[in-house]
Every structure is written in C-alpha cells, then in structure tokens.
Amino acid sequence: MLLKNKKKIINIKNIISLTKKNHTPIWIYDEKKIKNKIQELKKFDVIRYAQKACSNIHILKIMRQSNVKIDAVSIGEIERAIIAGFTPKNNEIIFTADLFDKETLLKVIDLNITINAGSIDMLEQIGKISPGHHVWLRINPKFGHGHNKKTNTGGENSKHGIWDTSAALSIIKKHNLKLIGLHMHIGSGSDYEHLKQVCDAMVNEVLNLNYDIISISAGGGLPIPYHPNDEKINTQNYFTLWDKARKKIANYLKHPIQLEIEPGRFLIAESGILLTEVRAVKKMGNNHFVLVDAGFNDLMRPTMYGSYHHISAFSKHGYLIETEKKINTIVGGPLCESGDIFTQTEIGNIKTRKLPIVNIGDYLIFHDTGAYGASMSSNYNSRPLISEILFKNNKFYTIRKRQTISDMLKSETECYIP
C-alpha cells in the first residue's frame, strides 16, 4: 500500500484520523482493492470465496454484490453466508469439510446445501438421511504443495480429501447421490509446475471415474506477494492451465464443463492492514525489541507459520518514518508468551527486521493481513477481539465493534453454580 499517496483510500492521513477515534489495534480493509482482485479472476465461470480467510458478514456482502459465490466450512460460516444474503439455491453456498458433526449434518440437509465431501464417511452419513443429495468430491491427488507444511493439503500426510474415488463412487450410487463436480486443491502458494500436475490429475480422475459431472473446481491457494520483491501470480497463466484441463474433460464427456476457482487469501489479503501502537522499546543484551499492543491473539500467522508481513512505521505526529538509518529490530506483542513475536522463522526462531527507530506512541502497520488475520484471532490472555474498519467510497465504516470485556465474559457470567 502506498501510504503517502492521498489518492489511495488507506493513507497516513486517514489512518491518523482513525487513531483519534478508535483504540488500537485495528483491522482496516479497502473495499476497492477487494473488487479489483475479483476482476482478475473473471475468466473463471464461478468465483467461490473461501470465507475462512475473512468471514466478516460485511466482507461477504461485498462478495455477493460482485456475483461471487461462497464456500463454507462450518455451520457458523453457513449462517454468516445466509445473513450476508446468500441462499442455498443455485449452489450459491457449498459446504466443504472432511467430516460432519451432527448439528451441521442436519443443517445441510434442512437447507439442502450441496456438500463438497472430503471423506467417504460423509457420503455414507448424508446418503442414509438424504438420498439424492447433491455432492462434490474433494479428491486428494496423492501429492501436495504449500508455502508451509501446515498449509499442504495433498498427499498421504494430509487429512484432506478422498483417496479412493472408486469407493466413493460406490457409496454415491448406493444412496443415489447426485455427483455434480470434482474439487482438487493441494495447498497454498502453488507454483505453475505443481499446478500443471494438479490439472493433469483432475483430467485423469474424470477419465478413470467414468461418471458424468457438470463442474470442476481448481480449489484455492493462489499466492499473493507478501515480500516487497515477490513476483505476482499470473492469473492468465493460471486460468489457461485449468481451461485446457476443462476442455479435455468437456471433450471426453461431450458437453460443456463449468470451471470454478475457490480463492480466499487472493481476494482479501492485500486489502487489509493491522494498525498497532508502540507501547515499549527495550534492549535485551544485543537485541532491540519494539513491543506493540497487538499480539498473536490478533495476528496468528507469524507465530503459527513463521509468515512474513511487511512492516511500515509512522510517527504519532502523522508522518511516515522513512529514515535511511534502520536497525535490527524484533517486534513483539503484549502476551504472556515467549512466542508472541511477529518477526520469526517458520520453526519459531527469532529473526530481526531492519526497521526505523520508533518511540512510544508511534505506530506500526502490518501489511497484507486481510486474510487469516481477524478470522484466526482469539481471546487468548482474555484479550477482547479488536475492531474491524472498512474503507468504502472515501469513508470508513466499523464492520465489527471492539469487543468489551463484559461481552467476552458474558457466556461465563450467565452460568450459575451454587
């Protein structure tokens, strides 16, 4: 984000105005950026937003207004989608999982929501109660790829997907389920070499399955450039590879095939920042620590994955700090936890970052936090969930109020034990 560019909605002037009206830390999103990212994928027949990346209902409304459909992975995400205006009709909502809990199974059947099944047990369970139900198969292609081992969703070490598609097809026929599509996703951050393997695997699955489907899904995992010098993914190349696979399948089945894509991070990550205030600066031996009021309960990715987020600093007086003199800095949060560090490696080792000198009351901005930021936040250390702000048409709107301590404790204080 070009923080000094006044033509950009999220700039220093607007951010400073937010700090005067809101407690930090704060999540901030740019609606225009989200819509621009949607446009990059318009060649696909269906864009299905993986809402786990950021499930705020106001973000979901932006997706719906842009003719994006929705993927839900829990009963809570189903309810969020419905509140945002999505309906189960025309496959606007698809439920993707590797298992059903009892409550979700009944909800999916009651609303007649198409499922994307990641296990044979799911097919058996829904088939017994709801024969004829529409289903997709999420297939594990027996290989995977991801920017981190925890984001690898294919291969024998992954819990995701169906390994034996012939066994799955037997259950589908047994319960007269309607198989409408195949879904394949091997992990986030896929490169073109791995992507071609997935496309080839999809074609082979359709040929081997010998069942008439109407759709295929490319899954998600499209990367974004977190580091300043990262190369942006070529969405045209991405589409072209999948379009070739789609055409082979259509030729084999002798009718058109709908091509879906299921992005989460790609649509929302670059629209968001996390704004946090510097609250302590201290030396620990040779290490220089800057401690801020956001913790890993707010932004989990650096602690969980060792993920990189570019950091900008600006003064409490309202200007971007861009001095040439930068020092090795470790950025940490307020939690009573040694792992509450934003500058670390994948295996949890501290990794310094060259940052300008900041003082108490100055601010840091963590960039590209729109995905898996707010949606992964928690009340760890009994810290309330923080505000979410959306910039839209040169105005900012609160789309999630800062949680109060009484809000957080309500589900416990309403319980009585004599």
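Me: By class, which residues does the lining of the second largest cavity have?

Reply: This lining has two nonpolar, three polar and three charged residues. The model here is a predicted one. Ile-94 and Trp-136 are the nonpolar pair, Asn-116, His-183 and Ser-217 count as polar, and Arg-48, Glu-260 and Glu-262 count as charged.

Me: What makes this space count as a cavity, and how many are there?

Reply: A cavity is a place where a 1.4 Å probe fits but cannot get out. Counting those of 30 Å³ or more gives two cavities. The second largest has a volume of about 40 Å³, which is over that cut-off of 30 Å³.

Me: Let's move on to the helices. Why are H2 and H3 called oblique to each other?

Reply: Helix H2 (residues 31–39) and H3 cross at roughly 40 degrees, and their axes come within 11 Å. Roughly parallel would need an angle under 35 degrees, and roughly perpendicular starts at 65. The pair fits neither group, so H2 and H3 are oblique to each other. As for its hand, H2 passes H3 in a right-handed crossing.

Me: Which residues meet there?

Reply: From H2 come Glu-31, Ile-34, Lys-35 and Ile-38, and from H3 come Ile-59, Ile-62 and Met-63. By class, this contact has five nonpolar, no polar and two charged residues. Glu-31 and Lys-35 are the charged two.

Me: H3 also packs with H4. What makes that pair oblique?

Reply: Helix H3 (residues 57–65) and helix H4 (residues 75–83) pack at about 60 degrees, and their axes are 9 Å apart. That angle is not under 35 degrees, and the roughly perpendicular range begins at 65, so H3 is oblique to H4. Here too the crossing is right-handed. H3 brings Ile-57, Leu-60 and Lys-61 to the contact, and H4 brings Arg-80, Ala-81 and Ile-83. Four of these residues are nonpolar, none is polar and two are charged.

Me: What about H5 and H6: how do you know that they are oblique?

Reply: Helix H5 (residues 102–111) packs at an angle of about 55 degrees with helix H6 (residues 120–129), the axes being 11 Å apart. Set against the limits of 35 and 65 degrees, that angle makes H5 oblique to H6. H5 passes H6 in a right-handed crossing.

Me: What are the classes of the residues in the contact of H5 with H6?

Reply: Leu-105, Val-108 and Ile-109 of H5 meet Gln-125, Ile-126 and Ile-129 of H6. They divide into five nonpolar, one polar and no charged. Gln-125 is the polar one, as Gln is in neither the nonpolar nor the charged group.

Me: How do you know that the peptide bond from Thr-24 to Pro-25 is cis?

Reply: Its omega is near 0 degrees. Most peptide bonds are trans. You can find Pro-25 in the loop between helix H1 (12–21) and strand E1 (26–30).

Me: And what makes Asn-67 worth a look?

Reply: Its phi is near 65 degrees, a positive value in a residue other than glycine. Most residues other than glycine have a negative phi. Asn-67 is in the loop between H3 and strand E3 (69–72).

Technical notes: Residues are numbered from 1 along each chain as its sequence is written. This is a predicted model: local features need pLDDT of at least 70, side-chain atom pairs count only at pLDDT 80 or more; totals for chains, interfaces and linings use all residues. Side-chain values use heavy atoms; hydrogens and water are left out. Axes are lines fitted to C-alpha atoms, for helices over the stretch in contact, and angles run from 0 to 180 degrees between N-to-C directions. Helices (H or I, at least four residues) and strands (E, at least two) are DSSP runs, numbered from the N terminus. Angles under 35 degrees count as roughly parallel, over 145 as roughly antiparallel, 65 to 115 as roughly perpendicular and the rest as oblique. A crossing is left-handed if the near helix is turned anticlockwise from the far one by less than a right angle, and right-handed if clockwise. Contact means heavy atoms within 4.5 Å. On a 1 Å grid over the protein atoms alone, a cavity is a set of points where a 1.4 Å probe fits but cannot get out, and a pocket is an open set with protein on both sides within 12 Å along at least five of seven lines; lining residues have an atom within 4 Å of a point. Grid points are joined across faces, edges and corners, and a volume is the space filled by probe spheres set on the points.
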